[in-house]
Structure formats: C-alpha cells, structure tokens
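Please open the structure in your viewer and set it to a plain cartoon view. We will start with the whole chain and then select a few pieces in turn.

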Amino acid sequence: MTRILVTSTLARDGKSVVAAGLASALRASGATVRLVRIDDSESAEDDARQLARVNGVRSGSGPIAAGDIPADTDHTVIEASSAAGIEADRTVLVVRQGEADDDTVSRALSDVSPDAVIVNGVAEHGGPAAIERIAGLGGNAIGAIPQDRHLAAPLVSEIAPAVGGDLSGDEELFDESSRDLVIGPVSAHEGMDYFRKYPDKTLITRHDRIDIALGALDYEPLCLILAGGEPTLPYVAQRAERESFALITTSLTTLETIEAIGPLYGNAPFAGERKLTTAIELVAASIDASALA
C-alpha cells in the first residue's frame, strides 16, 4: 500500500482539488484507492463531504484522526492541513500561484520536505515559469494546474444572500456553481445564439424581461437571477418548482447585482458535483499520478 499525503502551503491553496483528482486518476488505473481527510481544521468536515463524492474510491462520512487511517487499499490519498504526525510514503505540497511569497514557500519546503510540489491556479501559458520558480526554491514541481473560472465561481447558495435575494427552485442545485455569469441581452431574438454560447451559466436579467428569461430557460441555466423585483408573471416561478434550475429574485438592479456577486469569485468553496468533475479533469490533464504511486 502506498500512502500519499496532500498538504498545502496556505489554506485554500487547492489541496482538496488535488487530492480528489489524484485519487480519481489512481482509481482509473485499476488500483483500489481510499481517500481520507484528516480532522485537523475547521474546513475538514466540508472537505470530507466533498471528497466522499469521488466515484469508485473508498471514503468515510467525515474526517478522521491520523491514527485511524485504514490500510485496506492499494493506495491511500490523505488530505491534511499539516504534515505533522502523519506517516506517508509520498508527500505532495500544493502551492497556489500568486498567493505565498518565496520566503513562505521556502519555509514550507523546508518544514514538509515534499517529494513533489503541484502548483495550482496558474495563469494561461504560465506553467513553465511556475515550475521553474519552485525548482529555484529547491522543490520538485511535477505539474501546474491552470486557473479555472468554474472552480473560482460561487455557489448558488452564496449568491442569494449576497444579493439579498429569495432562493427557490431545484434544491439539489443550491450547492452547485456554474462556469459563466451571463447578463441577459437586449432582445430575446438575439439571445438564442448568445445563450447557446454559454452552456454552463447563471443568467441575470431584469424581472420584467420575461421574454429573455423564458428564452434562457430553453438552454438550461443552472440559475436564473431576476433583478429589480418579483417576476411580472408567476409562470417563471412555477417552472422553477418543476424544472431543474434555481431561481433568485432580488430587488437590486442588474448592475447592483453584478457588483454584489463579483467579490464572491475566487473565495468560493470547493463543493458540488460540478466542481468535482472539473477538478478531476484538470488534475488528470496536468499531473501524472502514476509517478506518485
């Protein structure tokens, strides 16, 4: 059995993203895999809940103590806020690009002595420079995961209170997120190609532009935000009760709504099936998990 510990330089550097992706990749190779979250931080409960969604791996219903990790699989991927007191065959340090300065990363490399470093949140075409930076600090960078708008996007359940809105519709979507935040066009006729261009979206439009709202619903948005008040026709709310989308109504204007949602980006939790799928795809495309095994 190989134990792979995944930890990070700073909180929210993306260790859950990496742990989920590595576990999924190892499982795809045909090995049996256990994925656990150590109970060592306030976020451990939420992290464990998200990791339990990874298909095909063994996981518990919550975080566990470092001394209680089962030894019943080919590989065990362990997520922990700190490497202290955890026995592992391989240690992976996750560093988010642009967050920790060189001194902080150097201290983490010295304290953790990782076998590998994965740089997360790297800007387009910035992978070689990010890997070179880690090498210059004495670390072994094995890959760079690119920035992703979906992973940065807020959950529907975060958007509603941020805009002072009422949330209804499909409750299973409340803790999900969409890749794009789209503002409704001037006319419904122009909207057809526009909506099709963004298949994974949250749409904002004025409450009195029911033509825009109904046109968008034909292209299955995750969430519809009606700005400026309640919908002028109850039909939209009725559709939200029986179809698969979330509905937020807010008294804020469209501009005020956008300004309220903006600060949520980049600080959103790693939660929901949609973000998990995105994370697994990103890690599979960026990291050779077999090298760690």
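Here is a short tour, from the overall fold to three paired strands.

**Stop 1: the whole chain**

Keep in mind that you are looking at a predicted model. Colour the cartoon by secondary structure, and the protein chain shows twelve helices and eleven strands. Turn it along its principal axes: the C-alpha atoms fill a box of roughly 60 × 40 × 30 Å. Does that suit a compact globule? What would the radius of gyration be for a compact globule with 293 residues? It would be near 19 Å, and the protein chain has 21 Å, which agrees.

Now switch on the surface. About 13400 Å² is exposed, with carbon and sulfur atoms supplying 47% of it. Of the 293 residues, 49% count as buried. If you display contacts with a separation of 6 or more, residues 24 or more positions apart account for 66% of them.

Before zooming in, colour the charged side chains. There are 24 positive and 45 negative ones, and the centres of the two sets lie 3 Å apart.

**Stop 2: strand 3**

Select residues 75-79, which form strand 3. Is this strand buried or exposed? Five of its five residues are buried, so strand 3 is largely enclosed by the rest of the structure. Show the side chains to see how both faces are covered: His75, Val77 and Glu79 lie on one side, with Thr76 and Ile78 on the other.

**Stop 3: strand 2**

Keep strand 3 visible and add residues 33-37, which are strand 2. The two strands run parallel and are joined by five bridges. Two pairs are handy to label: Leu35 has Val77 as its bridge partner, and Arg37 has Glu79.

Strand 2 is also largely enclosed by the rest of the structure, because five of its five residues are buried. Its side chains are covered on both faces, with Val33, Leu35 and Arg37 on one side and Arg34 and Val36 on the other. Take a moment over the two arginines, Arg34 and Arg37, as both are among these buried residues.

**Stop 4: strand 1**

Finally, add residues 2-8, strand 1. Which way does strand 1 pair with strand 3, and over how many bridges? The pairing is parallel, over five bridges. Label Val6 and you will find its bridge partner, Glu79, in strand 3.

End by centring on Glu79: this buried residue of strand 3 is the bridge partner of Val6 and also of Arg37.

Technical notes: Residues numbered from 1 in each chain as written. Predicted model: local features only at pLDDT ≥ 70, side-chain atom pairs only at ≥ 80, totals over all residues. Heavy atoms only, no water. Helix = DSSP H or I, 4+ residues; strand = E, 2+ residues; numbered from the N terminus. Rg over C-alpha atoms; globule rule 2.2 N^0.38 Å. Buried < 20%, exposed > 50% of the residue type's maximum accessible area, 1.4 Å probe, protein only. Contact = heavy atoms within 4.5 Å. Areas by Shrake-Rupley, 256 points an atom, 1.4 Å probe, with all protein chains shown as cover. Lys, Arg positive; Asp, Glu negative; His and termini not counted. Charge placed at Lys NZ, Arg CZ, Asp CG, Glu CD. Pairing = 2+ DSSP bridges.
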